[in-house]
Amino acid sequence: MRKSKVERNTLETSVSVEANLDGRGESCIDTGIGFLDHMLSLLAFHGSMDLNIKCKGDLKVDGHHTVEDIGIALGQAFNKALGDKKGINRYGYCYITMDEALARAVLDISNRPYLVFKADFKSERQGDMNSQDFKEFFRAFVNEARITLHLDVLYGENDHHKIEATFKAFGRALREAMEIKSDRIPSSKGVL
């Protein structure tokens with residue numbers, strides 16, 4: 001089983017992440033930000049990974065530090081659980097629709113962090129989360145997981161639908177990319 005545990009403690013947040021990449025999509029999420037909890041639960045379910053995430057952050061300031069530090073810790077846990085990446089599919093992609101919204105996630109577990117994030121949100125907040133913080137979450141995850149991720153909301157009207165479709169597409173693309181397909185490192189260089 002590809003499992004890991006990461007703890008990150010700063011003056012702004014205290015984060016604990018347990019990840020089982022070969023799980024059943026079960027999660028126990030408590031970040032202090034309800035909408036983020038919902039999105040991370042969707043990520044676990046659609047990624048078929050078990051996630052246990054707890055965070056106590058400086059939410060009296062705002063949610064930015066909490067969101068970013070969760071992305072950092074989750075990315076570290078993902079990278080740690082993948083180990084040497086031997087046999088993984090490496091690439092993954094998914095289109096997900098939610099009512100009128102369509103999102104696309106394309107990724108490469110490449111050991112080269114890069115994020116392209118194209119999404120236009122009309123509202124400043126989703127529940128208790130600032131809409132700008134979604135990009136910060138993905139940037140933090142990508143940098144620590146060391147993956148290349150292109151994430152697009154192709155169209156949509158309702159921001160909740162657009163964001164939810166994005167997390168579901170990301171989870172399913174991750175699931176495809178981390179699936180074990182062989183006994184070799186998936187690179188013509190012999191190393192990722």
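Two strands pair if DSSP finds at least two bridges between them, and strands themselves are DSSP runs (E, at least two residues), numbered from the N terminus, as are helices (H or I, at least four). What you're looking at is a predicted model, where local features need pLDDT of at least 70, side-chain atom pairs count only at pLDDT 80 or more, and totals for chains, interfaces and linings use all residues. Residues are numbered from 1 along each chain as its sequence is written, and side-chain values use heavy atoms, with hydrogens and water left out.

**View A. Strands 1 and 2 make a hairpin.** Strand 1 covers residues 3-9 and strand 2 covers residues 13-20; they pair in the antiparallel sense over 7 bridges. The hairpin links them through 3 residues. Look for K3, whose bridge partner in strand 2 is N20.

**View B. T148 sits in strand 10.** That strand runs over residues 148-155. T148 is buried (under 20% relative accessible area with a 1.4 Å probe, protein chains only), because its own value is 16%. Its side chain makes a polar contact of 3.3 Å with the side chain of S110; that term means a pair of N or O atoms within 3.5 Å, one able to donate a hydrogen and the other to accept it, and residues adjacent in sequence count only if both atoms are side-chain atoms. The T148 side chain also reaches the backbone oxygen of R112 at 2.8 Å.

**View C. F78 has plenty to touch.** Not counting neighbours within four places in sequence, F78 is in contact (heavy atoms within 4.5 Å) with residues including S4, L21, F141 and L174.

Definitions and conventions
Buried means under 20% relative accessible area, exposed over 50%, partly exposed in between (1.4 Å probe, protein chains only).
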